[in-house]
Amino acid sequence: MNKLKLPTGKQFLNGELVLHTNNGYTLIPYSLNRVNDFYGSLGHSKLWYPYYRGNAVIDSIARAKDHLERRIDECQNGNRFPWMIADENDQIVGMISLMDISSFHNHATISRIAVSPDFQKKGIACAAIHAVMKWAFEEAGFHRLEADVSMKNHASRRCFEKLGFAREGVRKEDMWCADGWHDMAIYGMTEGMFTG
Ligand SMILES: CC(C)(COP(=O)(O)OP(=O)(O)OC[C@H]1O[C@@H](n2cnc3c(N)ncnc32)[C@H](O)[C@@H]1OP(=O)(O)O)[C@@H](O)C(=O)NCCC(=O)NCCS
């Protein structure tokens, strides 16, 4: 098994892992300097309903700041790469993370993807996931990527299915969401399945 080629958290936050999508968007590292833009784009409580609840819902500047601080901390500890998705004018339009990074098994989980309501259904989520996959399999040397998605989240499931992830199983009533229990689909892709 090869050794993963990853930046340190500090290198990541300094912009050493900026990714470009195939439709003109850029994945840039989380930065507290962008808290207002981040909140302006993603601070809509409806965006998160029903999948997130409590302080995971970014519905105030304080929660946006708290979210950024926590993810930046996790990044510094080597547990997460958190990106904001920016358009060609550097406007923040979404977010995506790679978390649960294991250098022991060369796997990780794609998580916390969201696109601002004004920018949805333009292919941004799929393109951002694809950019992360491409880097993870072709450059970093990951063997497997995974995503956990609520069975009720048709948009998110469509993204992973369209990109070739296999639905490997469903965990029944695994997540307590704002509207009750959700079954969670486990999506997986190995490096051999990735076609570029
Ligand atoms: C899930 C989410 C990130 C998708 O973002 P997006 O940029 O609109 O997705 P894309 O434009 O790349 O669309 C991907 C596919 O999903 C489909 N889709 C988008 N919104 C949909 C919806 N509400 N219902 C069903 N399908 C939908 C698109 O039509 C597209 O499929 P197609 O190419 O066959 O037409 C976005 O809906 C979102 O931010 N949701 C709230 C947060 C969330 O649920 N995050 C996921 C947690 S796992």
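In which sense do strand β2 (residues 26-29) and β3 pair, and over how many bridges? The legends below describe close-up views of a predicted model, beginning with this pairing.

**View 1. Strand β3 and its partners, β2 and β4, in the predicted model.** Strand β2 (residues 26-29) and β3 pair in the antiparallel sense, and four bridges join them. Within this pairing, Met84 of β3 is the bridge partner of Ile28. With β4, strand β3 likewise pairs in the antiparallel sense, over seven bridges. Here Pro82 stands opposite Ser97 of β4. The two strands β3 and β4 form a hairpin with five residues between them, and in the turn Asp90 has a positive phi of about 65 degrees. Strand β3 is mostly covered, with six of its seven residues buried.

**View 2. The open sheet and its edges.** Eight strands make up an open sheet with mixed pairing, in the order β1-β2-β3-β4-β5-β6-β8-β7. The edges are held by β1 (19-20) and β7, each of which has a single partner strand, so one side of each is left without a neighbour in the sheet. At the β1 edge, β1 and β2 pair in the antiparallel sense over two bridges. In this pairing, the bridge partner of His20 is Thr26 in β2.

**View 3. The buried face of helix α2.** In α2 (residues 35-42), the buried residues are Phe38, Tyr39, Ser41 and Leu42. Seen down the axis of α2, they fall within an arc of 165 degrees and therefore line one face of the helix. An α-helix has 3.6 residues a turn, so residues three or four places apart point the same way. The cover over the buried residues of α2 includes two helices, α3 (45-48) and α4 (61-76), together with the strands β3 (80-86), β4 (92-102) and β5 (107-115).

**View 4. The largest nonpolar core.** This core has 49 residues, and those with the most contacts inside it are Ile85, Ile96, Ala128, Ile129 and Val132. Helix α5 contributes the largest share of the core, 10 residues. In soluble globular proteins, nonpolar side chains tend to be buried together. Leaving aside neighbours within four places in sequence, Ile85 is in contact with Tyr25, Leu27, Val93, Gly94, Met95, Ile96, Ile124 and Ala128.

**View 5. The surroundings of Leu163.** Leu163 is located in the loop between α6 and β7 (166-177). This residue counts as buried because 20 C-beta neighbours lie inside 10 Å. When neighbours within four places in sequence are left aside, the contacts of Leu163 are Cys126, Ile129, His130 and Met133. Leu163 and Ala127 are 36 residues apart along the chain, and their C-alpha atoms are separated by 9.2 Å.

**View 6. The shell around the ligand.** There are 20 residues around the ligand, of which Gln120, Ala125, Cys126, Ala155 and Arg158 come nearest. At least two residues of the shell are supplied by each of β5, α5 (124-140) and α6 (154-162). Helix α6 gives the most, with six residues. By class, the shell around the ligand divides into 11 nonpolar, five polar and four charged residues. Cys126, one of the residues that come nearest to the ligand, is also in contact with Leu163 of the preceding view.

Note on methods. Residues numbered from 1 in each chain as written. Predicted model: local features only at pLDDT ≥ 70, side-chain atom pairs only at ≥ 80, totals over all residues. Buried ≥ 20, exposed ≤ 12 C-beta atoms within 10 Å, placed from the backbone. Arc of directions from axis to C-beta. Contact = placed C-beta atoms within 7 Å. Pairing = 2+ DSSP bridges. Near = placed C-beta within 6 Å. Nonpolar A, V, L, I, M, F, W, Y, C, P; charged D, E, K, R; others polar. Core = buried A, V, L, I, M, F, W, Y, C linked by C-beta atoms within 7 Å.
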